[in-house]
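Hi there,

Here is the structure I promised to pass on to you. Have a look at it first, and then read my notes below.

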Amino acid sequence: SSVQGGIQKHGNTKDSKQSGRNATTITATQYSPEFQGVHLVSVIVELLPDWLPKQKQLLNILLAIWNSEDFKLRLREEENLSNTQLKEPKWLSQIFFSYFQRGR
């Protein structure tokens, strides 16, 4: 399986509830480091909104993800993505909105 492009597929990637876990739990075996990184940054930005403007290199990486052909392809094929996988563009949008809201 390929990690390139954000989502790493291992068999069935549809969300499922396992032993009482929330269906949106992100596991390392289902999603790439890039996808998990976007999720982590979205959580940090939610808790510490002034953190991202100090992270110029990270912001450039997030912009590169947003502008990548792989990301655009995943969006065009959204019917093949799970509900959790569909959160990546939402998280990126929220990250950028938070950044621009700070007037940076």
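What follows is a short tour of the helices, how they pack, and the core.

First, a word on the source: this is a predicted model, in which local features need pLDDT of at least 70 and side-chain atom pairs count only at pLDDT 80 or more, while totals for chains, interfaces and linings use all residues. Residues are numbered from 1 along each chain as its sequence is written, and side-chain values use heavy atoms, with hydrogens and water left out.

The protein has four helices and zero strands (helices are DSSP runs of H or I with at least four residues, strands are runs of E with at least two, and both are numbered from the N terminus). Along the sequence this reads as α-α-α-α. Of its 104 residues, 31% count as buried, where buried means under 20% relative accessible area with a 1.4 Å probe, protein chains only.

Now for the packing. Two packed helices are described by the angle between their axes and the distance between the axes. Helix H1 (residues 33-47) and helix H2 (residues 56-67) pack at about 125°, with axes 12 Å apart (axes are lines fitted to C-alpha atoms over the stretch in contact, and angles run from 0 to 180 degrees between N-to-C directions). That makes H1 oblique to H2, because oblique covers whatever is not under 35 degrees (roughly parallel), over 145 (roughly antiparallel) or 65 to 115 (roughly perpendicular). Here Glu 34, Val 38 and Val 41 of H1 meet Leu 58, Leu 62 and Ile 65 of H2, with contact meaning heavy atoms within 4.5 Å.

H1 also packs against H4, at an angle of about 40° and with axes 9 Å apart. That makes H1 oblique to H4. Among the residues making this contact are Phe 35 and Val 38 of H1 and Trp 91 and Ile 95 of H4.

Which residues touch the most other members of the largest nonpolar core? They are Val 38, Leu 52, Leu 62, Ile 65, Leu 92 and Ile 95, out of 15 residues in that core. (A nonpolar core is a set of buried Ala, Val, Leu, Ile, Met, Phe, Trp, Tyr and Cys residues joined through side-chain atoms within 4.5 Å.) H1, H2 and helix H4 (87-101) each supply at least two of its residues, and the largest share, five residues, comes from H4. Leaving aside neighbours within four places in sequence, Ile 95 is in contact with Val 38, Val 41, Ser 42, Leu 52 and Leu 62.

Enjoy exploring!

Best wishes

Terms used
Buried < 20%, exposed > 50% of the residue type's maximum accessible area, 1.4 Å probe, protein only.
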